[in-house]
Amino acid sequence: DRAEVLYKAIEKVIPDLRSRIEVELIGSPLTHERYLRRPQGTYGPAWRAGENMFPGPGLAGIPGLMCCGDSCFPGIGVPAVAASGLTAANSLVPVEKHLALLREMKDKDLMPDQCMV
């Protein structure tokens with residue numbers, strides 16, 4: 001079982017972990033294909049190095065449509081996907097307007113104190 005290593009590590013902190021599990025879905029290319037609708041469970045773009053530009057927010061080919069996610073620059077992983085969303089958002093609205101909105105939200109106590117604006 002591929003998840004055994006993870007279970008053993010977590011059980012050091014939560015010994016009765018397995019008895020608490022109600023639903024277990026082990027991530028694999030097959031589960032990615034089924035639940036994420038990814039062909040053969042793939043991640044990221046299907047580009048061969050040196051043949052195409054890595055897709056970015058403005059490369060959708062449809063005016064006004066921005067692309068973001070793991071299939072766009074800068075690629076797979078939570079930080080990269082978040083960065084692609086920021087790039088798309090900043091392509092639509094200047095950073096100064098983003099900051100002004102964040103300051104307004106903070107002034108109205110709509111943001112946690114930990115947020116740096």
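**Salt bridges, helices and cysteines in a five-helix model**

The side chains of E104 and K108 form a salt bridge, with an N to O distance of 3.2 Å; the term denotes a side-chain nitrogen of Lys or Arg within 4 Å of a carboxyl oxygen of Asp or Glu. E104 is partly exposed at a relative accessible area of 40%, whereas K108 is exposed at 53%. These classes follow fixed cut-offs: buried is under 20% relative accessible area, exposed is over 50%, and partly exposed lies in between, with a 1.4 Å probe and protein chains only. Elsewhere, salt bridges that share partners join E4, E11 and R18 into one network.

The model is predicted: local features need pLDDT of at least 70, side-chain atom pairs count only at pLDDT 80 or more, and totals for chains, interfaces and linings use all residues. Residues are numbered from 1 along each chain as its sequence is written, and side-chain values use heavy atoms, with hydrogens and water left out. The mean pLDDT of the protein chain is 81, and 81% of its residues reach 70 or more; pLDDT is the predictor's confidence in each residue, on a scale from 0 to 100. Where pLDDT is low, the predicted coordinates should not be read in detail. Confidence is highest in helix 2, at a mean of 94, and lowest in helix 3, at 83.

The fold contains five helices and zero strands, so that the order along the sequence reads α-α-α-α-α. Helices (H or I, at least four residues) and strands (E, at least two) are DSSP runs, numbered from the N terminus. Of the 117 residues in the protein chain, buried ones make up 15%.

The count of salt bridges comes to four. One of them pairs R18 with E4 at 2.8 Å, N to O. This contact links distant parts of the chain, since R18 lies in helix 2 and E4 in helix 1 (residues 4-11), 14 residues apart. Both partners are partly exposed: R18 has a relative accessibility of 36%, and E4 has 25%. Another salt bridge joins the side chains of R20 and D16 at 3.2 Å, N to O. Here R20 is exposed, at 55% relative accessible area, while D16 is partly exposed, at 36%.

After helix 2 (17-20), the chain enters the loop that leads to helix 3 (29-36), and V23 is found in this loop. V23 is exposed, with a relative accessible area of 65%. Together with L25, Y35 and L36, V23 makes a nonpolar surface patch of about 450 Å². Patches are made of residues with over 30% relative accessible area and no salt bridge; like charges are joined within 9 Å, and nonpolar side chains (Val, Leu, Ile, Met, Phe, Trp, Tyr) within 5 Å. The areas come from the Shrake-Rupley method with a 1.4 Å probe, and for residues only the protein chains shown count as cover.

The cysteines come next. A disulfide is a covalent bond between the sulfur atoms of two cysteines. With the criterion that the two sulfur atoms lie within 2.5 Å, the count comes to zero disulfides. The sulfur of C68 is too far for a bond, because its closest cysteine sulfur, in C72, is 6.6 Å away. C72 is likewise in no disulfide, and the nearest cysteine sulfur to its own, that of C67, is 4.8 Å away. C68 is partly exposed at 48% relative accessibility, whereas C72 is buried at 6%.

Beyond these cysteines, the backbone shows a cis peptide bond from F73 to P74, with omega near 10 degrees. P74 is placed in the loop between helix 3 and helix 4 (78-92).

Helix 5 (residues 95-107) has 13 residues and reaches 18 Å from its first C-alpha to its last, close to the 18 Å expected at 1.5 Å a residue. That expected span is 1.5 Å times one less than the number of residues. In the segment after helix 5 lies D109, which has a positive phi of about 55 degrees although it is not a glycine. D109 is exposed, with a relative accessible area of 67%.
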